[in-house]
Amino acid sequence: MTFIWAFLIAGLFCLVAQIILDNTKLTPGHITSLFTVLGAVLAFFGVYEKLIKLAGGGASTIISNFGYLLYTGAYEGFKEIGILGIFTGMFTKGGAAVVGAVAFAAFFALLFKPKD
């Protein structure tokens with residue numbers, strides 16, 4: 001059942017992004033930023049964690065999960081250290097996602113030749 005929910009949740013996010021892309025002048029970069037902020041807002045209201053429990057990888061592999069990681073890291077850092085913990089917490093939780101993205105991008109850039 002988790003596979004079905006993962007497909008439905010991730011598909012819903014993709015559907016919304018495609019509708020926005022087709023009906024507005026927003027670029028993919030704008031939509032990526034929008035979904036990152038949406039993930040943080042959903043985390044603030046406690047909705048995103050429920051999505052992760054329901055859909056597993058369907059909610060934890062899309063771009064909105066990065067916003068969730070940034071928010072939860074900042075919140076945990078604030079609880080532990082205070083104001084400075086907001087920044088250190090964000091980098092602690094979100095750092096793995098950034099390093100992973102850069103490492104995979106570099107790997108695939110070396111592996112494949114782009115079209116001219």
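Is Ala109 buried or exposed? I looked this up before anything else. Ala109 is exposed, with a relative accessible area of 54%. That puts Ala109 past the cut-off, because exposed means over 50%. I found Ala109 in helix α6, which covers residues 83-111. I also checked its distance to Lys50. The two are 59 residues apart in sequence. Their C-alpha atoms lie 35 Å apart in space. I note here that I am working with a predicted model.

**Entry: the whole chain**

I stepped back to the fold. I counted six helices and zero strands in the protein chain. Read from the N terminus, the order is α-α-α-α-α-α. I then took the extent of the C-alpha trace. It spans about 50 × 35 × 35 Å along its principal axes.

Next I looked at burial. The protein chain has 116 residues, and 27% of them are buried. The accessible surface comes to about 8,200 Å². Carbon and sulfur atoms hold 76% of that surface.

I turned to contacts along the sequence. I took those between residues at least 6 apart. Of these, 48% join residues at least 24 apart.

Charges came last. I noted 7 positive and 5 negative charges in the protein chain. Their mean positions are 4 Å apart.

**Entry: the nonpolar core**

Which elements give two or more residues to the largest nonpolar core? I began with its members. The core holds 16 residues. Ile9, Phe13, Phe35, Tyr48, Leu51 and Ala59 touch the most other members. The elements giving two or more residues are α1 (2-23), α2 (28-44), α3 (47-55) and α5. Helix α1 gives the largest share, five residues.

I followed Phe13 from that list. Setting aside residues up to four places away in sequence, Phe13 touches Phe35, Leu38, Leu42, Tyr48, Leu51, Ile62 and Ser64. Ser64 caught my eye, and I went there next.

**Entry: Ser64**

Ser64 sits in helix α5, which covers residues 64-80. How much of Ser64 is accessible? Its relative accessible area is 0%. Ser64 therefore counts as buried, because the cut-off is under 20%.

What does the Ser64 side chain make a polar contact with? I found the side chain of Tyr48, at 2.9 Å. Tyr48 is also among the residues that Ser64 touches beyond four places in sequence. The others are Phe13, Phe35 and Gly39. Phe13, Phe35 and Tyr48 appear again here, after their turn among the core residues that touch the most other members.

**Entry: Thr36**

I moved to helix α2, where Thr36 lies. Thr36 is buried, with a relative accessible area of 15%. Where does its side chain reach? It reaches the backbone oxygen of Thr32, at 2.9 Å. I then listed the contacts of Thr36 beyond four places in sequence. They are Ile63, Phe66 and Gly67.

**Entry: Ala74**

I went back to helix α5 for Ala74. Its relative accessibility is 12%. Ala74 counts as buried for that reason, because buried means under 20%. Which residues is Ala74 in contact with, leaving aside neighbours within four places in sequence? I found Gly85, Ile86, Gly89 and Met90. I also took the distance to Phe91. Ala74 and Phe91 are 17 residues apart in sequence. From C-alpha to C-alpha they are 8.3 Å apart.

**Entry: Trp5**

I closed with helix α1, the place of Trp5. Trp5 is partly exposed, with a relative accessible area of 32%. This value falls between the two cut-offs, so Trp5 is neither under 20% nor over 50%. Which residues does Trp5 touch, not counting residues up to four places away in sequence? They are Leu54 and Ala55. Trp5 and Leu54 are 49 residues apart along the chain. Their C-alpha atoms are separated by 6.7 Å.

Conventions:
Residues are numbered from 1 along each chain as its sequence is written. This is a predicted model: local features need pLDDT of at least 70, side-chain atom pairs count only at pLDDT 80 or more; totals for chains, interfaces and linings use all residues. Side-chain values use heavy atoms; hydrogens and water are left out. Helices (H or I, at least four residues) and strands (E, at least two) are DSSP runs, numbered from the N terminus. Buried means under 20% relative accessible area, exposed over 50%, partly exposed in between (1.4 Å probe, protein chains only). Contact means heavy atoms within 4.5 Å. Accessible areas come from the Shrake-Rupley method with a 1.4 Å probe; for residues, only the protein chains shown count as cover. Lys and Arg count as positive and Asp and Glu as negative; His and the chain ends are not counted. The place of a charge is taken as NZ of Lys, CZ of Arg, CG of Asp or CD of Glu. A polar contact is a pair of N or O atoms within 3.5 Å; within protein, one must be able to donate a hydrogen and the other to accept it, and residues adjacent in sequence count only if both atoms are side-chain atoms. A nonpolar core is a set of buried Ala, Val, Leu, Ile, Met, Phe, Trp, Tyr and Cys residues joined through side-chain atoms within 4.5 Å.
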